[in-house]
Amino acid sequence: STQSGHYGRDFNLPHIDWETLEVRSGGTSESNLSAQRLLNFMSTYLLSQMVNVPTRGNNILDLVLCNNNRLVLDVMTEPTDLSDHDMVNVLLSFDPGVLEDAQASFKLSVTRF
């Protein structure tokens, strides 16, 4: 059986167009290559990117990748004094077959290294 899962972090790849899943022009060759590698990885492992609002300025930099869209009930962002990125709040369903049962809120905070 296939395991469901999700992963979130600051990928810092502003040149990905998340509506078309293409790399926009304007980035360095290194960042464009990283962006294309991420898109290829997502395609290979059937991952969807769930954040659809900017997390820093006009860019979606903080991503939540998921291989089962039914796991993620809602994604919200809010400003925080802890970072120059917005905090991403993800509402997860722990039983993707029954969305009304066993829901929990999971806060993904941004840490810069």
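In what order do the elements of the protein chain run from the N terminus on? They run β-β-β-α-β-β-β-β-β. The model is predicted.

**Figure 1. Overview of the protein chain and its elements.** The chain holds 1 helix and 8 strands. The helix follows three strands in the order of elements, and five strands come after the helix. Of the 113 residues in the chain, 31% are buried. Among contacts with a separation of 6 or more, 40% link residues 24 or more positions apart.

**Figure 2. An open sheet built from β1, β5 and β4.** The sheet has 3 strands in the order β1-β5-β4, and the pairing is antiparallel. Strands β1 and β4 stand at the edges, and each has a single partner strand, so one side of each lacks a neighbour in the sheet. Strands of a sheet pair through backbone hydrogen bonds, in a parallel or antiparallel manner. Here β1 (residues 6–10) is joined to β5 by 5 bridges. Two residue pairs mark this side of the sheet: Y7 stands opposite L65, and G8 stands opposite V64. On the other pairing, 2 bridges join β4 to β5. There, S48 has C66 of β5 as its bridge partner.

**Figure 3. Strand β5, buried along its residues.** Strand β5 is mostly covered, with 5 of its 5 residues buried. Which residues point one way from β5, and which the other way? D62, V64 and C66 point one way. L63 and L65 point the other way. Residues on both sides are buried. V64 is the residue that stands opposite G8, while L65 stands opposite Y7. C66 is the bridge partner of S48.

**Figure 4. Helix α1 and its buried side.** Helix α1 spans residues 29–44 and has 16 residues. At 1.5 Å a residue, the helix should span 22 Å, and its end C-alpha atoms are indeed 22 Å apart, so the two values agree. Residues A35, L38, L39 and M42 of α1 are buried. They cover an arc of only 95° around the axis, which puts them on the same side of α1. An α-helix has 3.6 residues a turn, so residues three or four places apart point the same way. What covers the buried residues of α1? The cover includes β2 (16–17), β3 (22–23), β4 and β5. The face of α1 turned away from the buried side carries the exposed residues S29, E30, R37 and T44. Just after α1, L46 takes a positive phi of about 55°.

**Figure 5. The aromatic pair of F41 and Y45.** The count comes to 1 aromatic pair. F41 and Y45 form that pair, with ring centres 4.8 Å apart. The planes make an angle of 45°, and the pair is tilted. How does F41 count by accessibility: buried, partly exposed or exposed? F41 counts as partly exposed, at 42% relative accessibility. Y45 is exposed, with a relative accessible area of 51%.

**Figure 6. T55, a buried loop residue.** T55 lies in the loop between β4 (48–49) and β5 (62–66). Is T55 buried or exposed? T55 has a relative accessible area of 1%, and so counts as buried. Leaving aside residues up to four places away in sequence, T55 touches I60, L61, D62, T77, D84, H85, D86 and V88. One of these neighbours, L61, has its backbone nitrogen 3.0 Å from a polar atom of the T55 side chain. The side chain of T55 also makes a polar contact of 2.6 Å with the side chain of D62.

**Figure 7. D62 and its polar contacts.** D62 is found in strand β5. At 1% relative accessibility, D62 counts as buried. Which side chains join that of D62 in polar contacts? One is T55, at 2.6 Å. Another is H85, at 2.8 Å. H85 is also among the residues that T55 touches. D62 and L13 are 49 residues apart in sequence, yet their C-alpha atoms are 8.8 Å apart in space.

How values were computed
Residues are numbered from 1 along each chain as its sequence is written. This is a predicted model: local features need pLDDT of at least 70, side-chain atom pairs count only at pLDDT 80 or more; totals for chains, interfaces and linings use all residues. Side-chain values use heavy atoms; hydrogens and water are left out. Helices (H or I, at least four residues) and strands (E, at least two) are DSSP runs, numbered from the N terminus. Buried means under 20% relative accessible area, exposed over 50%, partly exposed in between (1.4 Å probe, protein chains only). A polar contact is a pair of N or O atoms within 3.5 Å; within protein, one must be able to donate a hydrogen and the other to accept it, and residues adjacent in sequence count only if both atoms are side-chain atoms. Contact means heavy atoms within 4.5 Å. Two strands pair if DSSP finds at least two bridges between them. The expected span of a helix is 1.5 Å times one less than its number of residues. The arc is that of the directions from the helix axis to the C-beta atoms. Rings of Phe, Tyr and Trp (its six-membered ring) pair if their centres lie within 6.5 Å; planes under 30 degrees apart count as stacked, over 60 as edge-to-face and the rest as tilted.
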